[in-house]
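Biologist: Could you take me through one part of this model in detail? I'd like the sheet and the salt bridges, with your cut-offs spelled out as you go.

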Amino acid sequence: MAGTGGARPSLYPTLLYADAKAAIKQLTEALGFTELSVYETADGKVMHAELVQGHGAVMIGSKGRGGLFDTAMKDAGPAGVYVVVDDVDAHHQRALEHGVEILMPPTDQDYGSRDYMARDTEGNIWSFGTYAPEIGA
């Protein structure tokens with residue numbers, strides 16, 4: 001993340017999925033995330049997973065796994081996450097090759113970014129682009 005001076009990111013979007021294993025597969029294979037860790041419950045639900053992209057990360061878990069966070073997120077709708085990537089067109093092509101639903105193809109924006117928008121298997125919106133504001137210390 002720009003402006004962090006090599007420190008760990010301080011913001012982690014956290015998403016729960018009915019099929020977290022399928023979400024992890026799509027995010028890693030089609031959208032270029034790298035699996036950092038996956039912890040499962042005894043019955044095979046994803047208790048906690050961390051996927052990284054560049055200098056950021058997202059946390060993933062299974063809906064219905066129990067616990068306070070799962071209960072609090074019970075009625076939450078889809079979320080939107082923006083991810084900075086170096087080559088928007090190559091990233092978009094990879095998503096297409098894996099059958100990801102594309103909502104907006106790579107587009108040059110008035111504010112200087114090039115980005116595209118996709119929907120994952122459970123309705124979350126993922127935007128990938130070059131816009132990366134410098135965040136002060």
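Modeller: Happy to; here is the sheet, followed by the charged pairs and then a helix.

This is a predicted model, so local features need pLDDT of at least 70 and side-chain atom pairs count only at pLDDT 80 or more, while totals for chains, interfaces and linings use all residues. Residues are numbered from 1 along each chain as its sequence is written, and side-chain values use heavy atoms, with hydrogens and water left out.

Let's begin with the sheet. It is open, has 4 strands in the order 5-8-7-6, and its pairing is mixed. Strands here are DSSP runs of E with at least two residues, helices are runs of H or I with at least four, and both are numbered from the N terminus. Two strands pair if DSSP finds at least two bridges between them. Strand 5 (80–84) and strand 6 sit at the edges with a single partner strand each, so one side of each has no neighbour in the sheet. From one strand to the next, the twist averages 15° (axes are lines fitted to C-alpha atoms, for helices over the stretch in contact, and angles run from 0 to 180 degrees between N-to-C directions).

Now for strand 8 (residues 125–129). Strand 5 runs parallel to strand 8, and 5 bridges join them. Tyrosine 82 stands opposite serine 127 of strand 8, and valine 84 has glycine 129 as its bridge partner there. With strand 7, strand 8 pairs in the antiparallel sense, over 5 bridges. Here aspartate 115 is the residue opposite glycine 129. Strand 7 and strand 8 make a hairpin with 5 residues between them, and glycine 123 in the turn has a positive phi of about 95°. Strand 8 is mostly covered, with 4 of its 5 residues buried; buried means under 20% relative accessible area, exposed over 50%, and partly exposed in between, using a 1.4 Å probe and protein chains only.

On to the charged pairs. A salt bridge here is a side-chain nitrogen of Lys or Arg within 4 Å of a carboxyl oxygen of Asp or Glu, and by that rule the count is 4 salt bridges. One of them joins arginine 114 and aspartate 89, at 2.8 Å from N to O. Arginine 114 belongs to strand 7 (residues 114–119) and aspartate 89 to helix 3 (residues 88–97), so this pair ties together parts 25 residues apart in sequence. Arginine 114 is partly exposed at 24%, and aspartate 89 is also partly exposed, at 36%.

Glutamate 101 pairs with arginine 119, their closest N and O atoms being 3.2 Å apart. Glutamate 101 is in strand 6 (residues 101–108) and arginine 119 in strand 7, so the link spans 18 residues in sequence. Glutamate 101 is partly exposed at 39%, as is arginine 119 at 29%. Shared partners also join Asp89, Asp108 and Arg114 into one salt-bridge network.

Elsewhere, lysine 21 bridges to glutamate 40 with closest N and O atoms 3.5 Å apart. That pair links distant parts of the chain, 19 residues apart: helix 1 (residues 20–29) and strand 2 (residues 34–40). Lysine 21 is partly exposed at 42%, and glutamate 40 is partly exposed at 47%.

Helix 1 has a covered side too: Ala20, Ala23, Ile24, Gln26, Leu27 and Thr28 are buried. Their cover includes helix 3 and strand 8, where contact means heavy atoms within 4.5 Å.
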